[in-house]
Amino acid sequence: MRFDSVGTHVRSCISQLVKLLSTLTVRVHAFAFCEIQSGWRLRKQGIADALLVHYVLSGTGTIVVGDQEPVAFGPNSMVIPPRGVPHSLGFAGAMHTVTARDALRVLPDGLVALTAGDGSRDILVACGAISASYAGALGLFDRLQGALIEDLSGNDRLRHAFAFMIEELVQPGLGTQEVTSALMRQCLAILLRVHLKERGTSSPIFAALRDPRLMRAVAAVLDAPGASHTVDSLAALCGMSRSAFAERFSAIFGEGPIEYLHRVRLRLAAQLLTTSPMPVKVIAASVGYTSRSYFSHAFKAAYGVDPSAYRGRCADAAKAIEPGSNATFDSAQDVTGED
């Protein structure tokens, strides 16, 4: 579906996507580059709570997800396998395969390399691990069954970004990881834009956008997550009965409307905890929780720690990259896709 021929429904979906993208937290918390020699494949296990995004800087090969058929990719492509699913990158008919753990090299400047073969860069890939909050209020990538591959060579801006990444990796220096991560975030945002223009709402990423009635409820939640939403009030916005709305919402989003509402609220709270000095009680009230204790209980169930501990942990993480720390090794494990 071409962007210049989209109908009213697709334009509405684009409008809603703008709101969804405003909740997208593209935070590359681990980064590596993969160098694959001809005749080799690099195998990764996948990460349950993160999305691995591969940026093919040069070379042509295939990705195999689970037991599915190989899918080809070329230079200037982005390759996103389903979250948490084993997959391999490299050459079709390869005689040699190496796991990401065995291929791992941590370079003196802190960069992480995954080397399949003798270091020849017949395929060069930049790989980023994006944390579980990558989709903010809506898991846009959670419905992927196979690898998403998008050829971005026709986009001038992205070609320059890819070329810049290659330069940084060929001659790494101070700040290479930070610069490359920023470029990867930019490329991912543009990928979503290009993907919708080319494929419209037929893409599995945008399955949740196909019912315009439900999007009224989603928009209401994203616009005012702290409001007193109920199943009845959201159903009324959609012009549906309570039971029909709840059933349809659960079928499309994989969770009930109230569960979705709480996830949006807690994600916003997590952002505020790391970006605002407001007391926890004030943050709880601002996102719709009248009880501080209930908020803390819900937050801990979602994030594993209470709000105060989460705030402290994030503050510590911001200062974690110090000489002698194990931050680089931890990030290396994340980006390999190994446990």
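Visitor: Which residues do ring pairs link into a cluster?

Guide: In this predicted model, ring pairs link Y289, Y294, F295, F299, Y303 and Y310 into a cluster. A search of the whole structure finds 8 aromatic pairs.

Visitor: What makes F249 and Y260 an edge-to-face pair?

Guide: Two values decide the matter. The ring centres of F249 and Y260 are 5.5 Å apart, and rings pair if their centres lie within 6.5 Å. The planes of F249 and Y260 stand at 65°, and planes over 60 degrees apart count as edge-to-face. The pair of F249 and Y260 is therefore edge-to-face.

Visitor: Which parts of the chain does the pair of F249 and Y260 tie together?

Guide: F249 belongs to helix 7 (residues 242-253) and Y260 to helix 8 (residues 257-275), so the pair ties together parts that are 11 residues apart in sequence. F249 is buried, with a relative accessible area of 2%, and Y260 counts as buried at 0%.

Visitor: Why is the pair of Y289 and F295 called tilted?

Guide: The rings of Y289 and F295 are 5.4 Å apart, centre to centre, with 50° between the planes. Planes under 30 degrees apart count as stacked, those over 60 as edge-to-face and the rest as tilted. The angle for Y289 and F295 meets neither of those two limits, so the pair is tilted. Both residues also count as buried, Y289 at 4% relative accessibility and F295 at 0%.

Visitor: How do you know that C34 is in no disulfide?

Guide: A disulfide requires two cysteine sulfur atoms within 2.5 Å, and the count by this rule comes to 0. For C34, the nearest cysteine sulfur is that of C127, 5.1 Å away. For C127, in turn, the nearest is that of C34, and C127 is in no disulfide either. C34 counts as buried at 0% relative accessibility, and C127 is buried with a relative accessible area of 0%.

Visitor: Why is strand 4 described as largely enclosed by the rest of the structure?

Guide: Strand 4 covers residues 61-65, and 5 of its 5 residues are buried, so the strand is largely enclosed by the rest of the structure. G61, I63 and V65 point one way from strand 4, while T62 and V64 point the other way. In general, side chains of a regular strand alternate between the two faces of the sheet.

Visitor: How do you know that strand 4 pairs with strand 5 and with strand 7?

Guide: Pairing calls for at least two bridges between the strands. Strand 4 is joined to strand 5 (residues 71-73) by 3 bridges, and the two run antiparallel. With strand 7 (residues 87-90), strand 4 pairs over 4 bridges, again in the antiparallel sense. Both counts satisfy the rule, so both are pairings. As for individual residues, G61 has F73 as its bridge partner in strand 5. In strand 7, G90 stands opposite T62 and H87 stands opposite V65.

Visitor: What makes strand 5 and strand 8 edge strands?

Guide: The open sheet of 5 strands has the order 5-4-7-2-8, with mixed pairing. Strand 5 and strand 8 (96-99) each have a single partner strand, so one side of each is left without a neighbour in the sheet. On average, neighbouring strands of this sheet are turned by 25° against each other, direction ignored.

Visitor: Where does N76 lie, and why does N76 count as buried?

Guide: N76 is placed in the loop between strand 5 and strand 6 (77-80). The relative accessibility of N76 is 18%, and buried means under 20%, so N76 counts as buried. Its phi is near 65°, a positive value in a residue other than glycine. Most residues other than glycine have a negative phi. A positive phi, near 55°, is also taken by G66, in the hairpin of strand 4 and strand 5, which has 5 residues between the strands.

Visitor: How many helices and strands does the chain have, and what percentage of its residues count as buried?

Guide: The chain has 12 helices and 12 strands. Of its 339 residues, 48% count as buried. The chain exposes about 15,500 Å², of which carbon and sulfur atoms supply 53%.

Technical notes: Residues numbered from 1 in each chain as written. Predicted model: local features only at pLDDT ≥ 70, side-chain atom pairs only at ≥ 80, totals over all residues. Heavy atoms only, no water. Buried < 20%, exposed > 50% of the residue type's maximum accessible area, 1.4 Å probe, protein only. Areas by Shrake-Rupley, 256 points an atom, 1.4 Å probe, with all protein chains shown as cover. Axes fitted to C-alpha atoms, helices over the stretch in contact; angles between N-to-C directions. Phe/Tyr/Trp six-rings, centres within 6.5 Å; stacked < 30°, edge-to-face > 60°.
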